[in-house]
Amino acid sequence: MPKNKKLYEAVAMMCADLKLAYYPKLLLVNMVYRKIKHPEEKTDEIMAKVINTTVPELYKKHKGKPFMQVSVNKEIDMLERELHECENLPEDLLNGKVIANTVKYYAKEFIDEN
C-alpha cells in the first residue's frame with residue numbers, strides 16, 4: 001500500500017474519470033503517485049518500481065487473485081496501447097511518448113491544484 005494514503009487517494013480521484021479498465025488505471029495512478037513523490041525518475045524506472053511494489057498488493061486486494069507479473073517492456077506496451085484507446089485522454093498527450101506525457105501531465109495537474 002502506498003505510504004501516503006491521502007495523496008494516493010487524491011491522485012486516484014483525479015484519474016477516476018479516465019475511461020480505462022481497472023488494471024491500466026491502477027498502473028497509471030501508481031505511476032503518477034510515484035512521479036509526484038520522485039519527480040527525477042524516468043518512465044521505465046517508475047514502471048519497474050510500481051509493478052514490483054504497490055501494484056501486486058493493490059491488485060490482489062481488489063481482484064482477490066495474485067498479480068501475474070510480466071516484463072517492464074510488456075507493461076509499457078500494454079499501457080501505451082490502452083492510453084491510445086482511451087476516449088477521454090487529452091489529445092495532445094498522444095503525441096510522442098504517451099505514457100511519459102500522461103504521467104507528467106497528471107503529476108503537474110495534481111501539483112498545480114495542491
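**Entry 1: the cysteines**

I began with Cys15, which is buried, its relative accessible area being 0%. The model I am reading is a predicted one. I then asked which cysteine sulfur is closest to that of Cys15. The closest belongs to Cys86, and the two sulfurs are 10 Å apart, too far for a bond. A disulfide would need the sulfur atoms within 2.5 Å, so the pair Cys15 and Cys86 does not qualify at 10 Å. Looking from the other side, I found that Cys86 likewise has Cys15 as its closest cysteine partner, at 10 Å. Cys86 is buried as well, with a relative accessible area of 5%. I recorded 0 disulfides for the structure.

**Entry 2: Val11**

I next looked up Val11, and I placed it in helix 1, which covers residues 5-15. Is Val11 buried or exposed? It is buried, because its relative accessible area is 0%. I listed its contacts, leaving out residues up to four places away in sequence: Val29, Val32, Tyr33, Ile36 and Phe110. I also compared Val11 with Ala21: they are 10 residues apart in sequence, and their C-alpha atoms are 17 Å apart in space.

**Entry 3: the nonpolar core**

In soluble globular proteins, nonpolar side chains tend to be buried together. I therefore looked up the largest nonpolar core here, and it has 38 residues. Which residues have the most contacts inside it? They are Tyr23, Leu27 and Val32. I then noted where the core residues come from: helix 1, helix 2, helix 3 (43-52), helix 4, helix 5 (72-85) and helix 6 (98-113) each supply at least two. The largest share comes from helix 2, with 9 residues.

I followed Leu27 further. Apart from neighbours within four places in sequence, Leu27 is in contact with Met47, Val50, Ile51, Val55, Glu75, Met78 and Leu79. I noted that Glu75 is one of these contacts.

**Entry 4: the aromatic rings**

A pair of aromatic rings is described by the distance of the centres and the angle of the planes. I counted 6 aromatic pairs in the structure. One of them joins Tyr22 and Tyr59; the pair is tilted, with 6.3 Å between the centres and 40° between the planes. How many residues separate the two partners in the chain? They are 37 residues apart, and the pair links distant parts of the chain: Tyr22 belongs to helix 2 (residues 22-37) and Tyr59 to helix 4 (residues 54-63).

I checked the accessibility of both partners. Tyr22 counts as partly exposed because its relative accessibility is 26%, whereas Tyr59 counts as buried at 14%. Tyr59 also pairs with Phe67, in an edge-to-face arrangement with 5.8 Å between the centres and 65° between the planes. Phe67 is buried, with a relative accessible area of 15%. I noted finally that ring pairs link Tyr22, Tyr23, Tyr59 and Phe67 into a cluster. Tyr23 had already appeared in my notes among the core residues with the most contacts.

**Entry 5: Lys35**

I looked up Lys35 and found its place in helix 2. Lys35 is buried yet has no salt bridge. Which side chain of opposite charge is nearest to Lys35? It is that of Glu40, at 7.5 Å. A salt bridge requires the nitrogen and oxygen atoms to be within 4 Å, so Glu40 at 7.5 Å does not serve Lys35 as a partner. Beyond its neighbours within four places in sequence, Lys35 is in contact with Glu41, Ile46, Val103, Lys104 and Ala107.

**Entry 6: the salt bridges**

I counted 5 salt bridges. In one of them Arg34 meets Glu41, with the closest N and O atoms 2.8 Å apart. Glu41 counts as buried, because its relative accessibility is 5%. Glu41 also forms a salt bridge with Lys49, at 3.2 Å from N to O. Lys49 is partly exposed, with a relative accessible area of 32%. I recorded that Arg34, Glu41, Glu45 and Lys49 are linked in a network of salt bridges.

My last lookup was the salt bridge between Asp112 and Lys108, whose closest N and O atoms are 2.8 Å apart. Where do these two residues lie? Both are in helix 6, 4 residues apart, which is about one turn of the helix. Asp112 and Lys108 are both exposed, whereas Glu41 is buried.

Conventions
Residues numbered from 1 in each chain as written. Predicted model: local features only at pLDDT ≥ 70, side-chain atom pairs only at ≥ 80, totals over all residues. Heavy atoms only, no water. Buried < 20%, exposed > 50% of the residue type's maximum accessible area, 1.4 Å probe, protein only. Contact = heavy atoms within 4.5 Å. Phe/Tyr/Trp six-rings, centres within 6.5 Å; stacked < 30°, edge-to-face > 60°. Core = buried A, V, L, I, M, F, W, Y, C linked by side-chain atoms within 4.5 Å. Lys, Arg positive; Asp, Glu negative; His and termini not counted.
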